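Biologist: Could you take me through one part of this model slowly, as if I were new to all this? I'd like a close look at the open sheet and what surrounds it.

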Amino acid sequence: MALLEITGLSKSFRGLQALKNVTISVDEGEILGIIGSNGAGKTTLFNCITGAFAPDTGTVKLGGEDITGKKMHTLAQRGLVRTFQLMRPFGTLSTIDNVTIAVQSRGVRPESKARDEATMILARTGLDGWADATSGSLPTAVQKRLELARALAMNPHVLLLDEVLAGLVPSEREPVLELLESLRKNDGVTMVFIEHIMAAVRRLSDRVVMMDQGAVLAQGDVDEVLANPDVVAAYLGKEYGDAA
Amino acid sequence: MSFSTKTVRQPEPAAATGTLISRRVSSSNHTWNLVLVGAVLVLGIVLPFILPAAELGIAMRILIFALMGVGWNMMSGFGGMFSFGHAAFFGIGAYTTAFLLVEVGLTPWLGMIVGMVISAAAAVGISYLALRYQLRGAYYALSTFAFAEMLRLFVIGNESLNKTVGFTVPVMFGDNWGMFQFRAGSPVYFWIGTAMLVIVMLFCIWFLRSRAGRFSIATRDDELAASAVGIPTLRYKLTLVAISAAITALAGALYLQFYMFIDPDLAFGATVSNNAIITAVVGGVGTLWGPVLGAVIVAPLSDLVTELLRHPPEWLSFLEGLDGLDILVYAVVLIAFVLLLPKGIVGTFLGRRKK
């Protein structure tokens, strides 16, 4: 049975239809990659799934329960956790405080216990050396990892990652990819990730969904989708699609 | 490679060290805060013995400004919800205490608690509506301003609240602790004001260190990210609003008991809101001690400038009797503060220390 089921999801912003009848399902323990050009509706899809936006039509189900339009904090506490494309640290707080707050929001008490757990998460994400730094002044690559660390602190059941590798140089990507692989292998976390770096998509994804202009253009096996002429056309232009 | 999955199961020793450092930094700040509270307490006890009785009025003004500034700062500095209408909460505190004292005969001690509760409830009500319907930034600030102005007009037109006349506290002879009234120039007012400020500061320190306080600051820093880590942001915003309004109402009650008079302009006028904002801005918005330091500068400033213009030294004698110039000087000094120290005095100091 699918853990996350999105059925017929649509969302408009005044005249612009950002999502058109999107239907996707994600099985437990699966890693689903979402690809598509800028403006394809990928982040809007995440926003509708996690309660940042209420969809106009369609439903989102988590473990069979309808969670459409539920508030983001309620869903986060139930293990549906997301990261953001643009980093959103609690800028005046230290790195460890950012993560401790996430642990505490799960109800972990006392604070010392939450801090111990946060310390382990910082180590896991390679942020231990940055524990006391003010998060708002961290380098981009470190803030990216902090996004991930804060999400991990929520003990995610389903993790939605919005371009978690963007802005990282290749040497910085590798440990993040290893971490994501270990999350699936050791923790059984189900993941949906938006990504433009195709090598990462190929390496992590069990399946891929290609979005274009708010709709699902293709979905299925990674190689099949990437070889699909419509997908090639959407990414590279019609003449390349015809050639494929 | 900067980190590997080898660190997954067993954290590096450095991580533990990081936490220890973090705890040490936090505990050192906490110690400093408690030392400063102690210093305020000692200064508050000693000052009436040092200051001439005539200066105690200015000292009381500092305490009232400090409470107003600390109150405003909780909501606008630590909560990120800029208020332009704190006069509403100050006025509710003063008027509730006055009404219950004059019309019902209730002791101001209970009257001020009732005022704090009503003020907090009103603040939560108006903020719930504003935040629920996505009023943000300048629009939220305008809604608080409108609320204060609405209350001012309501009081002016309300017979049972004595319209524009307001309330005068019935004078008693001698000291009366039960009715919060002491002989003119008594240092007891100052000691009570100091005690209130100390209690408020201890409460703020405790709150900001608590889980709820950290959630509130996270919400201020980034509301969407706070929601994404499971924080019910509206709840924590409203908590700060309630705390802020209650502290400001306390300042209103203290004002009433010291000056023994209140009217709609003194309670709900825009000047009251401005004073709360300016106090925090000069000291440092979003810093614990900024509003207290701001009050020490702002509260006496108007009086000192007025006095200087009334009796200027010989070389400034041409300024004598120039009505309204005191307000101009006051404004220029404040603009200079905002331009030169946009983070306020404490904010600038803390910023430099971090570097």
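Modeller: Sure, and let's start with a term we'll need: a residue is called exposed if 12 or fewer other C-beta atoms lie within 10 Å of its own C-beta. Keep in mind, too, that this is a predicted model.

Now to the sheet. In chain A, 4 strands make up an open sheet, and going across it you meet them in the order 2-1-4-5, with antiparallel pairing. At the edges sit strand 2 (16–27) and strand 5 (65–66) of chain A, each of which pairs on one side only. Resting on this sheet is helix 1 of chain A, residues 42–49, which touches strand 1, strand 2 and strand 4. The helix direction makes about 65 degrees with that of strand 2 of chain A.

Let's zoom in on one pairing. Strand 1 (residues 2–13) and strand 4 (residues 57–62) of chain A run antiparallel to each other, joined over 5 bridges. If you want a spot to click on, try A:Ile6, whose bridge partner in strand 4 of chain A is A:Val60.

Next, follow the chain into the loop between strand 1 and strand 2 of chain A, where you'll find A:Arg14. Here's a little oddity to look at. Most residues other than glycine have a negative phi. A:Arg14 isn't glycine, yet its phi is positive, near 50 degrees. Is this residue buried or exposed? A:Arg14 has 5 C-beta neighbours inside 10 Å, so it counts as exposed.

Conventions
Residues are numbered from 1 along each chain as its sequence is written. Chains are lettered from A and ligands numbered from 1 in the order in which they are written. This is a predicted model: local features need pLDDT of at least 70, side-chain atom pairs count only at pLDDT 80 or more; totals for chains, interfaces and linings use all residues. Two strands pair if DSSP finds at least two bridges between them. Helices (H or I, at least four residues) and strands (E, at least two) are DSSP runs, numbered from the N terminus. Two residues are in contact if their C-beta atoms, placed from the backbone, lie within 7 Å. Axes are lines fitted to C-alpha atoms, for helices over the stretch in contact, and angles run from 0 to 180 degrees between N-to-C directions. A residue is buried if 20 or more other C-beta atoms lie within 10 Å of its own, exposed if 12 or fewer, and partly exposed in between; C-beta atoms are placed from the backbone.
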